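Reader: I would like a close look at one part of this model. Please begin there and then work outward through the rest.

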Amino acid sequence: MMGIYLNRRVILGTMFRVFMVLLLFRIGFSNVIPASFVFGDSLIDVGNNNYIVSLAKANYDPYGIDFGMPTGRFTNGRTIIDIIEQQLGLCFTPPYLSPTTAGSTVLRGVNYASGAGGILNNSGEIFGGRINFDAQIDNFANTREEIISIIGVPATLNLFKKALFSVAFGSNDFLDNYLTPIISTPERELVSPESFVAIMISRLRLQLMRLFSLGARKIFVANVGPIGCIPYMRDFNPDAGDDCVTFPDQLAKLFNTQLKSLIEELRTNLEGSLFVYADVYHIVEDILLNYNAYGFENPNSACCHLAGRFGGLIPCNRNSEVCEDRSKYVFWDTYHPSDATNVIIAKRLLNGDTNDISPMNVWQLSQA
């Protein structure tokens, strides 16, 4: 009887695996991109920080006011990746830490992003809990083993070959590390901007190479936006007046220049890789300079605000005032863009020319 029972288990297990492979084939056939795996910070976190002890959370009102409810997204609506996934015909990828992100669900992708997370492990530590890039890759490695257990190694590697991998880090390494008032003064006395950026790039190179070694092939990496223009920076640097704060933007540009070279290096040296450089800095800068042409009325203040000339002194919370028409604001809160801004960024990443994203846009990457 034991032999019959074991044989039945083997047969059922084989049938389940065949079913999952067929399901995966259907997913891959119906979408050029069958799955989306997302790594980053609060710009694209969809709720991972809900499940950790952290000061960086967005699972309360008025966050998600245009999404239908607070979900842990640090905006009034969708993230840039949400919108890209919608345009690619995918479902929103669920947060890795959600208890329901298991089983066949992970075949369509997982979001590992975490508010306050950075390239460097100590970035964002002022917020307590956060999941840095190294830890996010560890989590992806766990997902990889789970997928292998469902569909086997060959099908898993084929899935990863076709899937979209999105990476967006760097802002917190500046905002919540090098530029943080309580730790930045001694940091900057010991480490020059050039040295700090070199440390970031060196670490990021290893992280992206590890992601490739785990099977990622179509990888688009976003650069750091004009962080000197966010309401938080404007209010804490009043001497800048109506202009963006110069030094943070200089840091972003310094990093972005080296990031672009890194992406070209990896694309050349890692056979089979399709690394793409997304110039979010250029896109957001264009939106800020030509905001009226994009339908915005306020390019520099937070829609969700409580204190400060630009609403950047206190993070968005339940006591904050919220602008009536979110579509007229470039920024949702002290740090993050509004859904309306995210739509513009996402569409330019999807369809833009090489000034926005190179050597190909996301649509072209999906078909490569």
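**The second largest pocket and beyond**

Author: The second largest pocket has a volume of about 220 Å³. The model is predicted, so local features need pLDDT of at least 70 and side-chain atom pairs pLDDT 80 or more, while totals for chains, interfaces and linings use all residues. Residues are numbered from 1 along each chain as its sequence is written, and side-chain values use heavy atoms, without hydrogens and water.

First, the terms. The search runs on a 1 Å grid over the protein atoms alone. A pocket is an open set of points with protein on both sides within 12 Å along at least five of seven lines. A cavity is a set where a 1.4 Å probe fits but cannot get out. Lining residues have an atom within 4 Å of a point. Points are joined across faces, edges and corners, and a volume is the space filled by probe spheres set on them.

Now the walls. The second largest pocket is lined by 14 residues. Nearest its centre lie Cys229, Cys244, Glu285, Leu288 and Leu289. Three elements give two or more residues to this lining: H9, H10 and strand S6 (298-302). Helices (H or I, at least four residues) and strands (E, at least two) are DSSP runs, numbered from the N terminus. H10 provides the largest share of the lining, 4 residues. By class, the lining has 7 nonpolar, 1 polar and 6 charged residues. Here Ala, Val, Leu, Ile, Met, Phe, Trp, Tyr, Cys and Pro count as nonpolar, Asp, Glu, Lys and Arg as charged, and the others, Gly among them, as polar.

Follow helix H10 (280-289) outward. H10 also gives two or more residues to the lining of the largest pocket. The largest pocket has a volume of about 700 Å³. Its lining counts 46 residues, and those closest to its centre are Ser42, Leu43, Tyr335, His336 and Pro337. Other elements that give two or more residues are helix H2 (80-87), strand S3 (164-168), helix H5 (171-178), S4, strand S9 (329-331) and helix H11 (339-351). H5 gives the most, with 4 residues. The lining of the largest pocket divides into 31 nonpolar, 11 polar and 4 charged residues.

Next, the closed spaces. A search of the whole structure finds 2 cavities of 30 Å³ or more. The largest cavity has a volume of about 50 Å³. Ser42, Leu43, Phe74, Thr75, Arg78, Thr79, His336, Pro337 and Asn342 line it. Ser42, Leu43, His336 and Pro337 therefore appear here as well as near the centre of the largest pocket, as the definition of lining residues (an atom within 4 Å of a point) allows. The lining of the largest cavity has 3 nonpolar, 5 polar and 1 charged residues.

The second largest cavity has a volume of about 30 Å³. Its lining is Ile119, Val167, Phe169, Leu204, Val221, Ala222, Phe255 and Leu259. Strand S4 (218-222) and helix H9 (246-269) each supply at least two of these residues. The class count is 8 nonpolar, no polar and no charged.

Leu204 leads on to helix packing. Leu204 of H7 belongs to the contact (heavy atoms within 4.5 Å) with H3. H3 and helix H7 (residues 193-213) pack at an angle of about 5°, with their axes 10 Å apart. Axes are lines fitted to C-alpha atoms, for helices over the stretch in contact, and angles run from 0 to 180 degrees between N-to-C directions. H3 and H7 are therefore roughly parallel. Angles under 35 degrees count as roughly parallel, over 145 as roughly antiparallel, 65 to 115 as roughly perpendicular and the rest as oblique. On the H3 side, the contact with H7 uses Phe133, Asp134, Ile137, Asp138, Phe140 and Ala141. By class, this contact has 7 nonpolar, 1 polar and 4 charged residues.

Phe140 of H3 also takes part in the contact with H4. Helix H3 (residues 133-151) and helix H4 (residues 153-162) pack at about 130°, with axes 7 Å apart. They are therefore oblique to each other. Their contact residues divide into 9 nonpolar, 1 polar and 1 charged.

Last, the backbone. The peptide bond from Asp61 to Pro62 is cis, with omega near 5°. Pro62 is in the loop between strand S1 (36-40) and H2. Ser358 and Pro359 are also joined by a cis peptide bond, with omega about 5°.
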